[in-house]
Amino acid sequence: MIIASQKPLQEILDMLEGAKKVLVLGCRGCVAVCSAGGDKEVKTLASAIRLGKKRRGEEIEVVEETFVRQCDPEYLEPLKETGKGYDCVLSMACGVGVNFIADRCPGVKVKPALDTSFYGANLSSGEWKEMCAGCGSCVLHLTGGLCPVARCAKSLSNGPCGGSQGGLCEIDPNVNCVWHMIYEKLKGFGEDSSLEEIMPIRDWTTAGHGGPRHRIREDLLP
């Protein structure tokens with residue numbers, strides 16, 4: 001899922017400067033699961049904005065709402081008109097939701113309440129870890145299911161750098177070297193000899209370095 005975290009309140013209050021009526025808009029997708037932008041967080045942030053503006057001596061009306069998703073057009077359709085009734089829509093979705101509102105609701109001023117971080121998994125309550133970089137060219141079948149793009153600090157493709165020591169990362173010694181983990185995993189399967197085959201130079205255009213990515217499935221088109 002997409003992991004995000006709320007921006008500092010003072011930054012949010014600053015971006016709402018001059019706004020008299022604001023819609024705090026949550027999303028019940030990934031950001032709700034990682035406790036950043038669901039119903040509960042909408043209520044908490046809306047209250048904080050009211051209090052923060054009051055302390056600044058500024059008046060503001062804050063309305064609360066949460067969509068099932070902000071990355072799906074069917075849920076955004078009503079916002080094209082209702083959103084015009086606000087000085088600002090403060091989106092608590094990931095960056096996809098903010099962009100999608102900006103694209104599909106041209107008459108609505110939208111601003112982000114969250115910083116979108118990464119694709120991650122939930123390790124325990126309140127703890128998430130990056131597991132996928134969304135690079136568009138998956139090699140997990142070659143690496144025992146462990147991603148060297150997302151989980152290696154240098155995104156190396158053919159083994160560890162010279163700096164890893166004792167199975168730990170050179171950049172952050174609190175992090176396991178994923179290439180050490182890959183070796184141990186494949187060794188356990190008796191497949192470590194597959195690492196002798198050199199991966200070709202990665203084509204990073206699939207990772208977004210060639211511009212915004214766009215995918216079409218003809219069989220699903222209307």
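Start with the domain record. UniProt, in an unreviewed entry, lists residues 112–204 as "domain: Methylene-tetrahydrofolate reductase C-terminal-like". Bear in mind that what we have here is a predicted model. In that model, the C-alpha atoms at the two ends of 112–204 are 28 Å apart. Helix makes up 16% of the span, strand 19%.

Now to helix α6, residues 95–104. Which residues of α6 are buried? Three: G97, V98 and I101. Look down the helix axis. The buried residues of α6 fall within an arc of 100°, so they line one face of the helix. Turn to the other side of α6, and you find N99 and D103, both exposed.

What covers the buried residues of α6? The cover includes three strands and two helices, listed here one by one. On the strand side we have β2 at 21–27, β4 at 88–91 and β5 at 110–112. On the helix side we have α4 at 73–76 and α5 at 79–82.

Next, the loop between β3 and α4. Strand β3 covers residues 61–67. Two residues to watch in this loop are R69 and D72. Their side chains are joined by a polar contact of 2.9 Å.

Is D72 buried or exposed? Buried. Its relative accessible area is 18%, and the cut-off for buried is under 20%. R69 is partly exposed, with a relative accessible area of 33%. So the polar contact pairs a buried D72 with a partly exposed R69.

What else does R69 touch? Leaving out residues up to four places away in sequence, R69 touches C27 and Y75. C27 sits within the 21–27 range of β2, and Y75 within the 73–76 range of α4. Both of those elements are among the cover of the buried residues of α6.

One longer distance from R69. Take G144, 75 residues apart from R69 along the chain. The two C-alpha atoms are separated by 33 Å.

Last topic, the rings. A pair of aromatic rings is described by the distance of the centres and the angle of the planes. How many aromatic pairs does this model have? The count comes to zero.

Charges over rings are another matter. K21 lies over the face of Y86, 5.2 Å from the ring centre. R202 has its charged end over the ring of W204, at 5.2 Å from the centre of that ring.

That leaves the loop on screen for discussion: D72 and R69, side chain to side chain, at 2.9 Å.

Conventions: Residues numbered from 1 in each chain as written. Predicted model: local features only at pLDDT ≥ 70, side-chain atom pairs only at ≥ 80, totals over all residues. Heavy atoms only, no water. Buried < 20%, exposed > 50% of the residue type's maximum accessible area, 1.4 Å probe, protein only. Helix = DSSP H or I, 4+ residues; strand = E, 2+ residues; numbered from the N terminus. Arc of directions from axis to C-beta. Contact = heavy atoms within 4.5 Å. Phe/Tyr/Trp six-rings, centres within 6.5 Å; stacked < 30°, edge-to-face > 60°. Lys NZ or Arg CZ within 6 Å of the ring centre and 35° of its normal. Polar contact = N/O pair within 3.5 Å; in protein donor to acceptor, adjacent residues only side chain to side chain. UniProt positions renumbered as here; feature names shortened; annotations may be inferred.
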